[in-house]
Amino acid sequence: MLQALIAAGVRLSDLLVAENRALTDLDLATAAMIAPEKRRAVEAFTAAEAAVRKGGSQAAGGERDALSELSTRLGELAAANRRMLERALAAQDMVVRTLTAAATPKPALYAPPRPAPGHAAPPQPVGFSANA
């Protein structure tokens, strides 16, 4: 059971590294493609951890050291992943706000020119009508 937990933890670690790399580059498409696999890896890791707890397995020697190192690594990767996800979401929010502002129609700012003081007003346009 401990070997299954270690294998699940290593798989999760690898996916976090890949997603963090994509998020560092703000490659949100790649990060989004990794997310479902990461979710499955988290579920597998959680299930393996529950099985170890239920079975009452105790790590000793090399397994204990491996689990300790893996636990530290996963904690660091998860914290970095959270920071980078927050950064990516903030960047995406800025892009959406910019696009929304650009797409919002602005009121017409055009008005006919006014004559300068002391000058005659420009002639008014003449309306035409045609009947066929």
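Here are four short exercises, with worked solutions, on the predicted model shown above.

**Exercise 1. The largest pocket**

Find the volume of the largest pocket and work out which elements line it.

*Solution.* Start with the volume, which is about 290 Å³ for the largest pocket. Next, look at the centre: 15 residues line this pocket, and the closest to its centre are Leu5, Glu49, Val52, Arg53 and Leu67. Then move to the elements: α1 (2–24), α2 (28–55) and α3 (61–103) are the ones that give two or more residues to the lining. Of these, α3 gives the most, with five residues. Finally, sort the lining by class to get eight nonpolar, five polar and two charged residues.

**Exercise 2. A glutamate in α1**

Decide whether Glu19 is buried or exposed, and list what it touches beyond its sequence neighbours.

*Solution.* First place the residue: Glu19 sits in helix α1. Its relative accessible area is 2%, and the cut-off for buried is under 20%, so Glu19 counts as buried. Now set aside the neighbours within four places in sequence; Glu19 is then in contact with Ala31, Ile34, Ala35, Lys38 and Asn81. One of these contacts, Asn81, turns up again in the next exercise, among the buried residues of α3.

**Exercise 3. The span and buried residues of α3**

Compare the end-to-end reach of α3 with the expected value, then name its buried residues and what covers them.

*Solution.* Begin with the length: α3 has 43 residues. From first C-alpha to last, α3 reaches 62 Å, close to the 63 Å expected at 1.5 Å a residue. For the second part, the buried residues of α3 are Leu67, Leu70, Leu74, Leu77, Ala80, Asn81, Met84 and Ala88. Their cover includes α1 and α2.

**Exercise 4. Salt bridges within and between helices**

How many salt bridges does the structure hold, and which parts does the pair Glu37 and Arg11 tie together?

*Solution.* The count is five salt bridges. Side chains of opposite charge can pair when their charged atoms come close. Take Glu37 and Arg11, whose side chains meet at 3.2 Å, N to O. Glu37 belongs to helix α2 and Arg11 to helix α1, so this pair ties together parts that are 26 residues apart in sequence. Arg11 and Glu37 are also linked with Arg40 in a network of salt bridges.

Now turn to a pair within one helix. Arg53 bridges to Glu49, with the closest N and O atoms 3.1 Å apart. Both lie in helix α2, and because they are four residues apart, about one helical turn separates them. As a last step, check accessibility: Arg53 is exposed at 63%, while Glu49 is partly exposed at 28%.

Key
Residues numbered from 1 in each chain as written. Predicted model: local features only at pLDDT ≥ 70, side-chain atom pairs only at ≥ 80, totals over all residues. Heavy atoms only, no water. 1 Å grid on protein atoms, 1.4 Å probe; cavity = no way out; pocket = protein on both sides within 12 Å on 5 of 7 lines; lining within 4 Å. Points joined across faces, edges and corners; volume = space filled by probe spheres on them. Nonpolar A, V, L, I, M, F, W, Y, C, P; charged D, E, K, R; others polar. Buried < 20%, exposed > 50% of the residue type's maximum accessible area, 1.4 Å probe, protein only. Contact = heavy atoms within 4.5 Å. Expected span 1.5 Å × (residues − 1). Salt bridge = Lys/Arg side-chain N within 4 Å of Asp/Glu carboxyl O.
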